[in-house]
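Trainee: I would like to go through this structure step by step. Could you answer a few questions on it?

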Amino acid sequence: LIAPKDFGIMGFDNISILDYYKPRLTSVSTNLKGVSEAAVLELITQIDSENYLSKDIFLKHEILDRETL
């Protein structure tokens with residue numbers, strides 16, 4: 001298997017340690033507060049409901065375009 005000459009890499013969650021790495025990693029920055037709130041609300045709904053149906057939840061995010069794409 002031969003790796004292509006041009007490729008990119010992307011991280012997820014934009015963790016703070018990325019500030020210290022070179023090249024700067026392109027990353028997805030998630031809305032941690034929104035994820036937490038949605039998780040708690042869904043958990044409470046599951047506990048309170050006898051007929052819970054799972055659903056897709058879409059939250060805002062941001063792609064931080066840096067040096068690795």
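Mentor: The questions below deal with confidence, then the helix, then the loop.

Trainee: Which element has the highest mean pLDDT?

Mentor: This is a predicted model, and the protein averages a pLDDT of 88, with 94% of the residues scoring at least 70. Where pLDDT is low, the predicted coordinates should not be read in detail. Among the elements, strand 1 has the lowest mean, 89, and the highest, 94, belongs to helix 1.

Trainee: What span does helix 1 reach from its first C-alpha to its last?

Mentor: Helix 1 covers residues 32-48. With 17 residues at 1.5 Å a residue, the expected span is 24 Å. The model comes close to that, since the distance it gives for helix 1 is 24 Å.

Trainee: Which residues of helix 1 are buried?

Mentor: A residue is called buried when its relative accessible area is under 20%. In helix 1, the residues that meet this cut-off are Gly34, Ala38 and Glu42.

Trainee: Why are these buried residues on the same side of helix 1?

Mentor: An α-helix has 3.6 residues a turn, so residues three or four places apart point the same way. The buried residues of helix 1 are Gly34, Ala38 and Glu42. They lie on the same side of helix 1 because the arc they cover around the axis is only 60 degrees.

Trainee: Which exposed residues does the face turned away from the buried side of helix 1 carry?

Mentor: Exposed means over 50% relative accessible area. On the face of helix 1 turned away from its buried side, the exposed residues are Leu32, Lys33, Ile47 and Asp48.

Trainee: Which residue does a cis peptide bond join to Lys22?

Mentor: The bond has an omega of about -5 degrees. The partner of Lys22 lies in the loop between strand 1 and strand 2. That partner is Pro23.

Trainee: What is the phi of Asn14?

Mentor: Asn14 is found in the loop between strand 1 and strand 2, where Asp13 also lies. Asp13 is not a glycine, yet its phi is positive, about 90 degrees. Asn14 is not a glycine either, and its positive phi is about 50 degrees.

Trainee: Is Ile17 buried, exposed or partly exposed?

Mentor: Ile17 is found in the loop between strand 1 (10-12) and strand 2 (26-30). Together with Ile15, Tyr20 and Tyr21, Ile17 makes a nonpolar surface patch of about 480 Å². Its relative accessible area is 43%, and values between 20% and 50% count as partly exposed. Therefore Ile17 is partly exposed.

Note on methods
Residues numbered from 1 in each chain as written. Predicted model: local features only at pLDDT ≥ 70, side-chain atom pairs only at ≥ 80, totals over all residues. Heavy atoms only, no water. Patch = residues over 30% accessible without salt bridge, like charges linked within 9 Å, V, L, I, M, F, W, Y side chains within 5 Å. Areas by Shrake-Rupley, 256 points an atom, 1.4 Å probe, with all protein chains shown as cover. Salt bridge = Lys/Arg side-chain N within 4 Å of Asp/Glu carboxyl O. Helix = DSSP H or I, 4+ residues; strand = E, 2+ residues; numbered from the N terminus. Buried < 20%, exposed > 50% of the residue type's maximum accessible area, 1.4 Å probe, protein only. pLDDT = per-residue confidence, 0-100. Expected span 1.5 Å × (residues − 1). Arc of directions from axis to C-beta.
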